[in-house]
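Colleague: Got a minute for this model? I'd like to go through the ligand site with you.

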Amino acid sequence: MLIDLRPTNRLRGKQPIDTRAVLGPVLDALAGTDLDLGTVRVVCDWVQYRANFRTPIDLRTILGDERHGSGDRLEIALDLRQAAAIGPAQCRSLADAVLARHRDTPDAATADLYLEPWGPTSQSCLWGFNALYWRALELWEKATGRLYEQALPGGESDARNVAAAREMITDLFAVWDALAARNALPEELYVVELGVGNGHQAKVWLDEFRALDHARGGGYYHRLHYLLCDYSPHVLEMARTTVNDHSGHVSAVVLDATRPGVALAFLNFKVFLVYVSNVYDNLPSDEVARIGGSAYVVQSRAYLPAATAAELTGALGVSADGLARLIAQLLKLGPELMAEVAPDVFGGPDDVMHFWQAVWNGLRLAERYAPLHGLDPYEVAPGVSGEALRPLLESGEDIRMHVSNGAVASFADTLRLLHPYGTLVAHDLFVTDVDAYRRLYRGPGKYEGSVVNWVNGPLLTAIGRRNGFDVTYQPFRHRSGTNIVTLTARARD
Ligand SMILES: C[S@@+](CC[C@H](N)C(=O)[O-])C[C@H]1O[C@@H](n2cnc3c(N)ncnc32)[C@H](O)[C@@H]1O
């Protein structure tokens, strides 16, 4: 039996976790079964997100590969933080219950409520919840009294940082000055921002741009076109209002950040700066793993634990199937329409908001590992085959890592928009060394109603290189103690 205890710094320090107190009961529970312990691995993470999709002890099947005649194996996944909080006695009974559920199919009354079939995590309804959050952000923020920015690392977006905006603008002016000196600067100067949130970062950028340009005698502001791009019409409207002062220079475009080229093809090779902050970590992602030398894709299945499902069916007076239908309807219709189509269940939009929050808080992900029969047939993003993952998967010991499918698709499609002297700047939670995936949990977590996953930086670097771009990463320089890293991509000289 293999025990993989991730080397989190919570293992030591002033108040180290008592790993024996949480791991011991799980090992005792396993000893009480007739499982072949040689087919079991135990993985202990410290899940740093207080709101997440894990239970203290999850059980995952590592599906066997018929072609090699190998049978299923098991992974027991412990979240050390949650397990330490419930203590050894509860850890033991939970481990017993999890193992019993694996052995005997639970009866309908005590079964968890599954909301979808197994599939790669990027296809999970999790992303429907994420999109709903941005679509109905106003209602969520009103219902909780919390703004989305409060959930970001540091409590506000680093893209609001004036010094960081100035640095970016000064670099841009240097490029434009050099092109202007050769009469090679186009008349229209395009800047694109993907995933704009409340627009405060755009406002900082535009205010600084205007002030710096003015101080130089003004030559660029009147030629500037700043495109605010987002998939949420509500968010776009909010951002547009925030930058009203610059209205002559700003357009708002509804688009999917994973395919910016669809709406912006007319700007191919024309954009001087594409600016993205805290968006890549919010785009759909799969995870892949290498376990004992074989490659797997993690498949997920969103569910409500039996107790949460029972509470909701009781409160709403619906069956378990009825509850699953209401959740699917909520994701399609949003809270306001939902209140209209189900007046017998909900008294109004406020009731739907309570329902949405209760479902989201309760939502968990069951996971299993499905063998990948070769990496090539697995698609990372349009035009990027799974072979791009090989150097990372084969970089050393067993690994489980994000594929960042949405971020890769967005990144690759964005490169086509860039002027030969253009730059892509992204502030985000990047893993810059693949080994980091072996050390610390990297998501998914919940930020308010949205999903966060760290982004696979080495994979983006490889995709950039393949497209003729140099990609660099620098810790965000303008705030100490932040995990935010700035990616810069420029065409290779
Ligand atoms: C965490 S907010 C970041 C906002 C802002 N850039 C900041 O730093 O505060 C993520 C933004 O990305 C947008 N977004 C998420 N997924 C998207 C997608 N697939 N297409 C377009 N916009 C998306 C959301 O609507 C939201 O405005």
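Modeller: Sure. One term up front: a cavity is a set of grid points where a 1.4 Å probe fits but cannot get out. A molecule sits in one if more than half of its atoms lie within 2 Å of its grid points. Keep in mind that this is a predicted model.

Colleague: OK. Where does the ligand sit?

Modeller: In the largest cavity.

Colleague: How many residues surround the ligand?

Modeller: 20 residues surround it. The closest are Ser 157, Gly 195, Asp 230, Ala 257 and Ser 277.

Colleague: And by class, what is in that shell?

Modeller: Ten nonpolar, seven polar and three charged residues.

Colleague: Which side chains have a polar atom by a ligand oxygen?

Modeller: Gln 201 is one, with a polar side-chain atom 3.3 Å from an oxygen atom of the ligand. Asn 278 is another, at 3.2 Å from a ligand oxygen atom.

Colleague: What lies 3.3 Å from a nitrogen atom of the ligand?

Modeller: A backbone N or O atom of Tyr 231.

Colleague: How much of the ligand does the protein bury?

Modeller: 97% of its exposed area. Taken alone, the ligand exposes 600 Å².

Colleague: Switching to cysteines. How many disulfides does the structure hold?

Modeller: Zero.

Colleague: Cys 125: buried or exposed?

Modeller: Buried. Its relative accessibility is 16%, so Cys 125 falls under the 20% cut-off.

Colleague: And Cys 229, buried or exposed?

Modeller: Cys 229 also counts as buried, because its relative accessibility is 1%.

Note on methods: Residues are numbered from 1 along each chain as its sequence is written. This is a predicted model: local features need pLDDT of at least 70, side-chain atom pairs count only at pLDDT 80 or more; totals for chains, interfaces and linings use all residues. Side-chain values use heavy atoms; hydrogens and water are left out. A residue is near a molecule or strand if one of its heavy atoms lies within 4 Å of it. A polar contact is a pair of N or O atoms within 3.5 Å; within protein, one must be able to donate a hydrogen and the other to accept it, and residues adjacent in sequence count only if both atoms are side-chain atoms. Accessible areas come from the Shrake-Rupley method with a 1.4 Å probe; for residues, only the protein chains shown count as cover. On a 1 Å grid over the protein atoms alone, a cavity is a set of points where a 1.4 Å probe fits but cannot get out, and a pocket is an open set with protein on both sides within 12 Å along at least five of seven lines; lining residues have an atom within 4 Å of a point. Ala, Val, Leu, Ile, Met, Phe, Trp, Tyr, Cys and Pro count as nonpolar, Asp, Glu, Lys and Arg as charged, and the others, Gly among them, as polar. A disulfide is a pair of cysteine sulfur atoms within 2.5 Å. Buried means under 20% relative accessible area, exposed over 50%, partly exposed in between (1.4 Å probe, protein chains only).
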